[in-house]
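Here is a short walk through a structure you may be meeting for the first time. Please keep the 3D view open as you read.

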Amino acid sequence: MEAGRPVKSEQHYLLVNEEHSATSNMHPVNAFAADVISQYACQRRTSLNNYNTKFTDAFETLAENDEFRGNGGPCLAFRRAASVLKFLPFTVVRIKDIEGLPWMGEQVKGIIEDILEEGESPKVTAVLNNEYYKSTKLFTSVFGVGLKTSEKWYRMGLRTLEEIKSFKNLKLTRMQRAGLLHYEDLVSCVSKAEADSAGQIVKDTVRKFSPSALITLTGGFRRGKKTGHDVDFLITVPGSMEEGKLLHQVIDFWDKEGLLLYYDLIESTFEKTKLPSRRVDALDHFQKCFAILKLPKERVNHNSSAISDESAQEEVKDWKAIRMDLVVSPFEQYAFALLGWSGSRQFERDLRRYATHERKMMLDNHALYDRTKKHFLNAASEEEIFAYLGLDYIEPWERNA
Ligand code: DCT
Ligand code: MG
């Protein structure tokens with residue numbers, strides 16, 4: 001696992017025994033696990049092949065439940081456990097399999113034991129049946145609805161989206177109205193094919209106004225995912241200082257074409273003098289646009305003789321609403337923006353935690369700062385950022401932590 005490729009097993013065994021000669025009573029396999037598997041997701045290559053979905057789904061449910069209830073500590077503990085299990089190249093079948101792995105605390109162990117013994121964890125079942133969890137999950141699945149709004153609706157006794165829609169005098173933001181209006185399309189997720197066709201639209205439009213612009217598909221799709229809750233694009237213009245105009249031109253053009261079902265354009269709030277944020281989950285300061293795109297559906301060949309007069313008159317919906325994030329970065333920050341917007345969120349959290357605690361550096365989506373040498377480290381590629389941090393390069397498809 002450390003080499004990132006198959007190695008001769010005798011060699012491995014020797015290596016482990018040498019390194020642990022002082023602790024020779026340790027089981028070699030466990031010694032190996034404890035030694036090799038880092039507590040940091042940015043030192044683990046995590047592909048999309050998850051052999052432990054039974055466990056990781058359970059932990060993600062528990063993490064989400066804690067997030068809904070504002071229990072930051074337990075939430076993070078479950079997320080970290082899920083992340084380690086996603087990395088394992090085998091399915092956990094007995095409790096001994098997790099010995100020596102990082103982030104396997106008593107609570108985590110107990111849940112794994114329950115799943116191994118009974119096929120499910122009573123704690124997870126209780127969460128899935130819990131009314132507050134179910135409502136919060138449903139409400140926050142609406143674009144524009146966060147925990148605050150969700151909790152308010154819950155306290156008002158509301159439980160379903162039908163109740164929300166029909167409730168008189170319920171103040172909804174423009175974002176929430178769009179979220180409810182296009183709910184079915186938006187929950188059905190974006191496929192890779194849809195992401196690619198959105199990408200073509202983005203490229204065609206951006207290049208109308210800036211032929212040399214770089215447009216990169218980021219987020220989950222860059223990590224090889226086949227579906228996503230949205231599609232994320234990063235835009236930069238090499239050698240330009242006026243990339244700020246571009247997003248306005250693109251949005252205006254689409255708006256006139258009737259391609260936008262919703263958009264919110266946020267101007268850049270970046271200040272050059274500011275150090276990278278210490279907060280692991282802090283938002284960045286790029287100019288960006290959160291949008292709902294009216295994506296034309298691929299033309300399918302209908303057998304026209306099969307369409308009756310009646311159904312021909314019915315309006316066919318030939319588009320799908322998809323969530324799209326456009327982020328514009330100055331060219332000199334592009335590598336940091338790309339690294340930050342490629343995710344996964346857990347990978348990003350651990351990159352920043354690693355930079356802070358292991359390297360006395362500060363990393364965010366804009367820059368890397370060396371606190372010992374007291375200066376910023378410029379980078380033109382993700383590879384350079386990993387190198388500054390003293391980390392082996394991890395490819396985007398290995399960042400599914
Ligand atoms: N990100 C960030 N700052 C934000 C929002 C997101 O740095 N304000 C990062 C974290 C992951 C990445 O950008 C993309 O975010 P999402 O679209 O939420 O995640 P995803 O991995 O693309 O997941 P999905 O496939 O569900 O869209
Ligand atoms: Mg995404």
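Let us begin with a word we will need: a residue counts as exposed when its relative accessible area is over 50%, and as buried when that value is under 20%. Keep in mind, too, that this is a predicted model.

With those cut-offs in hand, try a first residue. Is E117 buried or exposed? Its relative accessible area is 62%, so E117 is exposed. You will find E117 in helix α5, which covers residues 106-118. Now look for V93 as well: E117 and V93 are 24 residues apart in sequence, and their C-alpha atoms are 9.8 Å apart in space.

For the opposite case, turn to helix α17, made of residues 345-359, where D350 lies. The relative accessible area of D350 is 2%, and because that is under 20%, D350 is buried. The side chain of D350 also has a partner, since a polar contact of 3.3 Å joins it to the side chain of R353.

Next, let us visit ligand 1. Where does ligand 1 lie with respect to domain 3 and domain 4? Both domain 3 (190-302 + 310-332) and domain 4 (342-398) give residues to the shell around ligand 1, so ligand 1 lies between them. There are 14 residues around this ligand, and those that come nearest are G220, K225, H229, D230 and R345. Sorted by class, the shell holds two nonpolar, seven polar and five charged residues.

Some side chains approach the oxygen atoms of ligand 1. A polar side-chain atom of R345 lies 2.8 Å from an oxygen atom of the ligand. For D232, an N or O atom of the side chain is 3.0 Å from an oxygen atom of ligand 1, and for N365 the distance between such a side-chain atom and a ligand oxygen is 3.0 Å. How much of ligand 1 does the protein bury? Taken alone, the ligand exposes 560 Å², and the protein buries 85% of that. Two elements give two or more residues each to the shell: α13 (219-222) and α16 (334-342).

Finally, find the magnesium ion, which is ligand 2. Which residues are its protein donors? They are D230 and D232, each through OD, at 2.0 to 2.2 Å from the ion. Both of these residues are buried. You have met them already: D230 is among the residues that come nearest to ligand 1, and the side chain of D232 has an N or O atom 3.0 Å from an oxygen atom of that ligand.

Technical notes:
Residues numbered from 1 in each chain as written. Chains lettered and ligands numbered in written order. Predicted model: local features only at pLDDT ≥ 70, side-chain atom pairs only at ≥ 80, totals over all residues. Heavy atoms only, no water. Near = heavy atom within 4 Å. Polar contact = N/O pair within 3.5 Å; in protein donor to acceptor, adjacent residues only side chain to side chain. Areas by Shrake-Rupley, 256 points an atom, 1.4 Å probe, with all protein chains shown as cover. Helix = DSSP H or I, 4+ residues; strand = E, 2+ residues; numbered from the N terminus. Nonpolar A, V, L, I, M, F, W, Y, C, P; charged D, E, K, R; others polar. Domains from an automatic or database assignment. Donors = N, O, S within 2.8 Å, 3.2 Å for Na, K, Ca; no water. Buried < 20%, exposed > 50% of the residue type's maximum accessible area, 1.4 Å probe, protein only.
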